[in-house]
Amino acid sequence: MTIKISQNFDSGAIEVVNASDPANIELKLRSDSHADIHQWFHFRVQGARGQALALRFTNAGQATYAKGFEDYNAVASYDGENWFRVPTSFDGQVMTIRHTPDLDSVYYAYFEPYSWERHLRLLGEVAENPIARVSDLGSTIDGRDMNLVTIGNPQAEKKIWFIARQHPGESMAEWFVEGLIDALLDDANPIARKLLQRCVFHIVPNMNPDGSVRGNLRTNAAGANLNREWMTPSLDRSPEVLCVKEKIHATGVDMFFDIHGDEALPYNFVAGNEMLEKFTPAQAAAQKAFIERYKNASPDFQDQVGYPVSKYKEDMLTLASKYIGHHFGCLALTLEMPFKDNADLPVPHVGWNGARSAALGAAILQPILLSLDD
């Protein structure tokens, strides 16, 4: 078979320069659909069974987050369900995947994808549960549905909000949410049952459906970085943020979590709101206590490595967790997971992946329960 490389499918993204020589296949990272951002890739190779492939990404050194390719291994799958890491090197300019496929068809990606089909299936399973509802908040620029999952009594004392995947290529965020939802709907989970006596959970599994399907890393169909739109979202540029923001103001919020992935840092951590002008000692204590409780709940979570605390700037309020923390005075955190592996507890064969993200999502219920009265 002649080698064929394709990307015309859900979240597919690559540019093929030359695929005539299996030992020297030249590729380019494709930009987001409406923004000059190069990072995400997801493509299929056919006809290479038993051949030693060298897939060279010739513009990796000009990627938006080139450090993300240092000490990084790409993921591969034969069936789109089971993903594993493959040897990958980066010399500062060119990133090279070296792999000999066992089958005629193999997929390669920046991180384990979370498909739109799986997203819709998750919503369908949630809607069948008597303690949960799936509601429509509006539409994306491309006309896809913006759906909200609500678990528990909407009139409950505490309102807990989760949003995920504002940056669509950070697919680990929706895996995290799947784990969170599965735990909340598990009748045998005593932490979930206790929480739902006092709390309602409002969850947006995918804030950026268009970007996800288009194979973008950071932006929606208008080229907007949704995590910079929270002060003044608009229908023509960021309808996804606009409809979610309106719903949050309608329901109120007592805890807020924005779920992301970080390209460079091989750790799980949160970014807090200590730089905000109105950040009170009580908020500081609640934030610190939550972090300690999360560390106790999951050894995959840590607080030794993360983002340095920056000084307050007004444009920080364009970020979701900063906007919510500032306007509602509640615990509001951005949670980051790695594209690489968790350096504290590495699993080289798979690295950080969907299943581990889901487990971290389930584990967050314990610190939430212990933090209700802070």
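## Ground rules

Buried here means under 20% relative accessible area, exposed means over 50%, and partly exposed is anything in between (1.4 Å probe, protein chains only). The areas themselves come from the Shrake-Rupley method with a 1.4 Å probe, and for residues only the protein chains shown count as cover.

This is a predicted model, where local features need pLDDT of at least 70 and side-chain atom pairs count only at pLDDT 80 or more, while totals for chains, interfaces and linings use all residues. Residues are numbered from 1 along each chain as its sequence is written, and side-chain values use heavy atoms, with hydrogens and water left out.

## Two buried phenylalanines

F201 fits that opening definition, because its relative accessibility is 0% and it counts as buried. F201 sits in strand β14 (residues 199–204); strands are DSSP runs of E with at least two residues, helices are runs of H or I with at least four, and both are numbered from the N terminus. Taking contact to mean heavy atoms within 4.5 Å, F201 touches V149, T150, I151, I160, F162, L184, L195, L196, L365 and I368, leaving out residues up to four places away in sequence. F162, one of those partners, is 39 residues from F201 along the chain, and their C-alpha atoms are separated by 7.7 Å.

F176 belongs to helix α2 and is buried too, with a relative accessible area of 0%. Its contacts, again skipping residues up to four places away in sequence, are F162, I259, Y294, L335, M337, S357, A358, L360, G361 and I364. F176 and A362 are 186 residues apart in sequence, yet 7.7 Å apart in space, C-alpha to C-alpha.

## A mostly covered helix

Helix α8 (residues 354–363) has seven of its 10 residues buried, so "mostly covered" is a fair label under the under-20% cut-off. The buried ones are G354, R356, S357, A358, L360, G361 and A363. What do the buried residues of α8 pack against? They pack against α2 (172–184), α6 (281–297), β17 (331–338) and α9 (365–371). On the α2 side, F176 has S357, A358, L360 and G361 among its contacts.

## Salt bridges

Call it a salt bridge when a side-chain nitrogen of Lys or Arg is within 4 Å of a carboxyl oxygen of Asp or Glu. By this rule the count comes to 17. D142 has a bridge to R144, with the closest N and O atoms 3.5 Å apart, and another to R214, with the closest N and O atoms 2.8 Å apart. D142 lies in the loop between β11 (132–139) and β12 (145–151) and R214 in helix α4, so the pair ties together parts that are 72 residues apart in sequence. D142 is partly exposed at 36% relative accessibility, and so are R144 at 23% and R214 at 26%.

Over at E229 and R237, the side chains meet in a salt bridge of 2.9 Å, N to O. E229 counts as buried at 9% relative accessibility, whereas R237 is partly exposed with a relative accessible area of 36%. As for shared partners, salt bridges of that kind join D142, R144, D210 and R214 into one network.

## S238 and its surroundings

S238 lies in the loop between α4 (209–214) and α5 (239–251). Buried or exposed, where does S238 fall? S238 is buried, with a relative accessible area of 0%. Its contacts are N220, L226, E229 and P233, not counting residues up to four places away in sequence.

## Unusual backbone angles

Most residues other than glycine have a negative phi. Which way does phi go at S11, and by about how many degrees? S11 has a positive phi of about 70 degrees although it is not a glycine. S11 is in the loop between β1 (4–6) and β2 (15–18) and is buried at 6% relative accessibility.

R165 also isn't a glycine and has a positive phi, of about 65 degrees. R165 is found in the loop between β13 (158–164) and α2, and at 3% relative accessibility R165 counts as buried.
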